[in-house]
Amino acid sequence: MPPRPLTPSLPLARFLAAGTLAALLAGAPSTSAAATARGARPAAATTRVARPAAALSHANLDTTCAPCRDFFRYANGGWLKRTTIPAAYPGWGSFDELAESNQETLYRLFEGLRRGTAADSDSHRLAAYWAAAMDSNAADAAAAKPIQSQLDAVNALPSKAAIASEVAWLHSHGIPALFSFRAAQDPGRSEEVIAIVGQGGIGLPDRDYYTRTDSVSVATRAKYVEHIVRSFELLGMPSDRAKREADQVMAIENALANASMTNVQRRDPRATYHKMPLDSARALAPLLDWNDYLARRGAPTGDSINVTQPDFFRGLNALIAERPLGEWQAYLRWKIVDEASPLLSRPFAEENFRFQRLLSGAEVMQPRWKRSLDWATQDLGDLVGTAYVRTRFSPAARARALVMVRNLEAALGERIEALDWMQAETRRRAIEKLQAFENKIGYPDHPRDYTGVTLSPSTPFANRLSARAYESRRNIAKIGKPVDRGEWNLPASIVNAFYSSSLNSINFPAGILQTPFYDPAWDDAMNYGGIGAVIGHEMTHGFDDRGRQFDAKGNLRDWWTEDDATRYKQRANRVADQFSSYTVLDTVHLNGRLTLGENIADLGGVAVAYAALERALAGKPRTKIDGFTPEQRFFLSWAQVWRNLDRPEALRTQVQTNPHSPAEWRVNGPLSNLPEFAKAFGCRPGDAMVRPDSTQARIW
């Protein structure tokens, strides 16, 4: 549900944005200020997010803008006028404010860790990781030495037949290259874990960055090549060789991109389900030594594998045949340098940031303490999450959130029962799926066990490799085993929420169950308009254009009658057409097909949460608070969740790659379809916030 996903190209502090994705154990995802010698946080860099005295502040409103003309502006205009995006961020909003607050909590906890704990304890692991990540002097002194052995291995490759083995080593240590390989649920048999292999290997945010011909895309590709050149030069490579090898890297990535599916095509789960015998997968790319790859990954040789994009592997096979070994060595060198740069010496980290700012617009690099927290959360997520929960999320808060979830499930059930376009057979199965939801609130009951992960207080990149090698082994070992339905895929500290189609579960980490989304002291209207609508959003994902294709057990199975499926698609098309008509940056259109699932979830989530609020208020007096009715406060709370400013570069990247619409349209888009909103604020036909009946979208 975040305005931005968690991706390698954006800092974790910008999560939810993904969105997750999240005395630590002893007691308890910006600024331009430079870090001190050991990377400690300067006092001037502190940004504390105060707990609001009231749920709703009139200072955030812009009452000169009529709510029926532009509700996003009416609800957030005051905040927009006085807010400046911090220099180290691509944007700033409610999610960032909470993420910042969570980071402050984690910083204090990490700094409170005591050294000298048992060598194989979780507190020792966290302390060692933190000490190494914060030691900028050691990183600067080491320069490129932490990756020299990996580079030597690439330089020593004897032939193209050895590429698979080298890629396997990279994948085993969390370094993306060439394609993806992991263990995951079988979409057709959700109780089983199988191997899944798919497209990958590119460095720009999305395959369309390689294929579009507009001036911005062409310029971005040129800047990317320049970035590779400078990174190679930092390794000591002569400029002419660096330029030649950068061009070779770009040629390979361009070919990989052209063989890949688009992000819209990949939204169709049936288009990415091609379960086949392992021998059939080998036949797609016979020049890739699958035996070497699987052996080095330690992967069980099961009977079948899901090849999500068969055409990609046909293209990869042709590419292996065409390109000489030297060009593949250049490509693999780049993958190593690209992944390691943020954790290496200052010149590498600054070069990495220089290119990322082209995509995000951020003006300065995050201070080292924030980057260190991001790294720790990525690599030791459950350890960090457990510590966060002990400080910021009580069992009582978890219980209260679960009560709200169940109330929202009841409201969604009532709405499904009342649908006039759905036939009884489909309705029965929809209710069956709703009743089968698994609710994961706050934190996992059984966090991951990091026993055996070896970490040093002086080697940050080696620590990353160790943590990711552990995660790789843990993931691959699941192949052929029953699904662990209690497993979490995000740290509990992350400001995010998500729905899993294969598990049929809704997931709400403790990191998002905080103000400005949820507060036990708030009135029902504010809580249901905030976290309630977020919960409703995730529930609706179970019935969006993608989620509706999975049954109550998480199997990819068509449980719709043909007539009901047709009626659903007609309604979904209205949503897609509506959002495709919106623009940002004057001329950049939203992609209503890419964002369809999230837009359906927003529309359904707000409607369901509003219905749940009405149930909660039944028989109670409708008292005004701060001059607003409960219904008005509900919609103001939803708009407050999405208050946000973005830099143009970040907004362009989001529209081109992200399945979430920009914040403005997450407010005005769904609300303009809801008669409940129009009634609450007295909007009339013809007002901008009231869509005509002929185009109004309503599904759930």
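Biologist: What percentage of the 700 residues in the protein is buried?

Modeller: This is a predicted model: local features need pLDDT of at least 70, side-chain atom pairs count only at pLDDT 80 or more, and totals for chains, interfaces and linings use all residues. Residues are numbered from 1 along each chain as its sequence is written, and side-chain values use heavy atoms, with hydrogens and water left out. Buried means under 20% relative accessible area, exposed means over 50%, and partly exposed is in between (1.4 Å probe, protein chains only). By that cut-off, the buried share of the 700 residues comes to 62%.

Biologist: What is the radius of gyration of the protein?

Modeller: The radius is taken over C-alpha atoms, and the globule rule is 2.2 Å times the number of residues to the power 0.38. The C-alpha atoms fill a box of roughly 75 × 60 × 50 Å along the principal axes. A compact globule with 700 residues would come out near 27 Å, which agrees with the protein's value of 25 Å.

Biologist: How many helices and strands does the secondary structure come to?

Modeller: Elements here are DSSP runs numbered from the N terminus: helices are H or I with at least four residues, strands are E with at least two. Counted that way, the protein has 26 helices and eleven strands.

Biologist: Is helix 17 roughly parallel or antiparallel to helix 18?

Modeller: Axes are lines fitted to C-alpha atoms, for helices over the stretch in contact, and angles between N-to-C directions run from 0 to 180 degrees. Under 35 degrees counts as roughly parallel, over 145 as roughly antiparallel, 65 to 115 as roughly perpendicular, and the rest as oblique. Helix 17 (residues 395–418) and helix 18 (residues 424–435) have axes that come within 10 Å and cross at roughly 175°. That makes the two helices roughly antiparallel.

Biologist: Which residues in helix 18 meet helix 17?

Modeller: Contact means heavy atoms within 4.5 Å. For the classes, Ala, Val, Leu, Ile, Met, Phe, Trp, Tyr, Cys and Pro are nonpolar, Asp, Glu, Lys and Arg are charged, and the others, Gly among them, are polar. The residues of this contact divide into five nonpolar, one polar and three charged. Helix 17 brings Glu409, Leu412, Gly413, Ile416 and Glu417, and on the helix 18 side sit Arg427, Ala430, Ile431 and Leu434.

Biologist: And helix 6 with helix 13: which residues in helix 13 meet helix 6?

Modeller: Helix 6 (residues 163–172) packs against helix 13 (residues 325–340) at an angle of about 5°, with the axes 12 Å apart, and the two are therefore roughly parallel. Their contact residues split into six nonpolar, no polar and one charged. Helix 6 offers Ile163, Glu166, Val167 and Leu170, and they meet Trp328, Leu332 and Ile336.

Biologist: What order do the strands of the open sheet have?

Modeller: Strands of a sheet pair through backbone hydrogen bonds, either parallel or antiparallel. Two strands count as paired if DSSP finds at least two bridges between them. This open sheet has four strands, mixed pairing and the order 2-3-5-4.

Biologist: Which are its edge strands?

Modeller: An edge strand of this sheet pairs on one side only. Strand 3 (residues 189–199) isn't one of them: it pairs with strand 2 in the antiparallel sense over eight bridges and with strand 5 (residues 304–307) in the parallel sense over three bridges. The edges are strand 2 (179–186) and strand 4 (275–277).

Biologist: How many residues of strand 2 are buried?

Modeller: Strand 2 forms a hairpin with strand 3, with two residues between them, and Ser180 has Gly198 in strand 3 as its bridge partner. Strand 2 is largely enclosed by the rest of the structure, because the buried residues number six of the eight.

Biologist: Which residue is the bridge partner of Lys440 in strand 8?

Modeller: All five residues of strand 8 (residues 505–509) are buried, so it is largely enclosed by the rest of the structure. Strand 7 (residues 498–500) joins it antiparallel through three bridges, while strand 6 (residues 438–442) pairs with it in the parallel sense over five bridges. For Lys440, the partner in strand 8 is Asn507.

Biologist: Which residue in the hairpin of strand 7 and strand 8 takes a positive phi?

Modeller: Ser500 has Ser505 in strand 8 as its bridge partner. The hairpin has four residues between the strands, and the one with a positive phi near 50° is Asn504.
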